[in-house]
Each structure stands twice: as C-alpha cells, then as structure tokens.
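The following exercises concern the structure shown below. Each task is followed by a solution in steps.

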Amino acid sequence: TSAVVPFTLLVPPVGIVAAALAFHEVPTVTELSGGALLLLGVAAAVVRLPTWRRRSLTDAALVRHEPPAELPAELAVGATADSRASRS
C-alpha cells in the first residue's frame with residue numbers, strides 16, 4: 001500500500017548500518033550523505049506538517065457538519081443545455 005512505499009527507501013541506510021555493525025565496515029562520506037538524504041526523503045513523505053492554508057467555505061461547512069449550499073440551477077447535475085439556455 002501507499003503507506004508502506006516510503007519505507008522501502010530505508011533499505012540502503014539499514015544496510016549501511018548493518019554492514020558497519022556486523023562486518024565492521026566503515027561507510028564513506030558519500031554513503032553517509034546518501035543515507036541521510038534518503039532519511040530526509042522518507043521523513044518528508046511520512047511526516048505531515050500542519051498546513052497554513054485558507055479554508056474554503058465547503059471545508060468550513062464540512063467541519064461544522066452542515067450541508068453545502070445549493071448550486072445554481074445551471075451548475076446542477078442533470079441540467080441540460082436547453083434548461084440553461086431558457087434561463088438566460
């Protein structure tokens with residue numbers, strides 16, 4: 001699923017750490033910086049920061065559990081070109 005996919009990017013850093021622990025290998029600067037970049041990418045994909053956007057009227061109505069305002073007849077589902085033309 002899409003919740004698991006970002007964690008597949010953790011395979012290289014985990015491999016670097018496992019090699020260092022199991023075989024006493026010393027990672028290069030390039031390997032360490034690449035692992036750090038992958039960790040930052042996973043954090044950016046997984047951690048959700050609060051968004052500071054302006055809420056629309058429909059968002060506010062949904063939060064208050066109110067039904068949204070009615071659409072004008074010409075925008076309603078099922079309105080035909082003839083019904084829109086007769087109103088103008």
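Helices (H or I, at least four residues) and strands (E, at least two) are DSSP runs, numbered from the N terminus. Residues are numbered from 1 along each chain as its sequence is written. The model is predicted, with local features needing pLDDT of at least 70, side-chain atom pairs counting only at pLDDT 80 or more, and totals for chains, interfaces and linings using all residues, while side-chain values use heavy atoms and leave out hydrogens and water.

**Exercise 1.** Locate Val46 and state whether Val46 is buried, partly exposed or exposed.

*Solution.* Step one: Val46 lies in helix H2, residues 29-46. Step two: buried means under 20% relative accessible area, exposed over 50%, and partly exposed in between (1.4 Å probe, protein chains only). Step three: the relative accessible area of Val46 is 38%, so Val46 is partly exposed.

**Exercise 2.** Which residues does Val46 touch, not counting those up to four places away in sequence?

*Solution.* Step one: a contact requires heavy atoms within 4.5 Å. Step two: on this basis Val46 touches Pro6 and Phe7. Step three: Val4 and Val46 are 42 residues apart in sequence, and their C-alpha atoms are 9.7 Å apart.

**Exercise 3.** Compare the end-to-end distance of H1 with its expected span.

*Solution.* Step one: the expected span is 1.5 Å times one less than the number of residues. Step two: H1 has 13 residues and should therefore span 18 Å. Step three: its end C-alpha atoms are 17 Å apart, which agrees. After H1 comes His24, with a positive phi near 55°.
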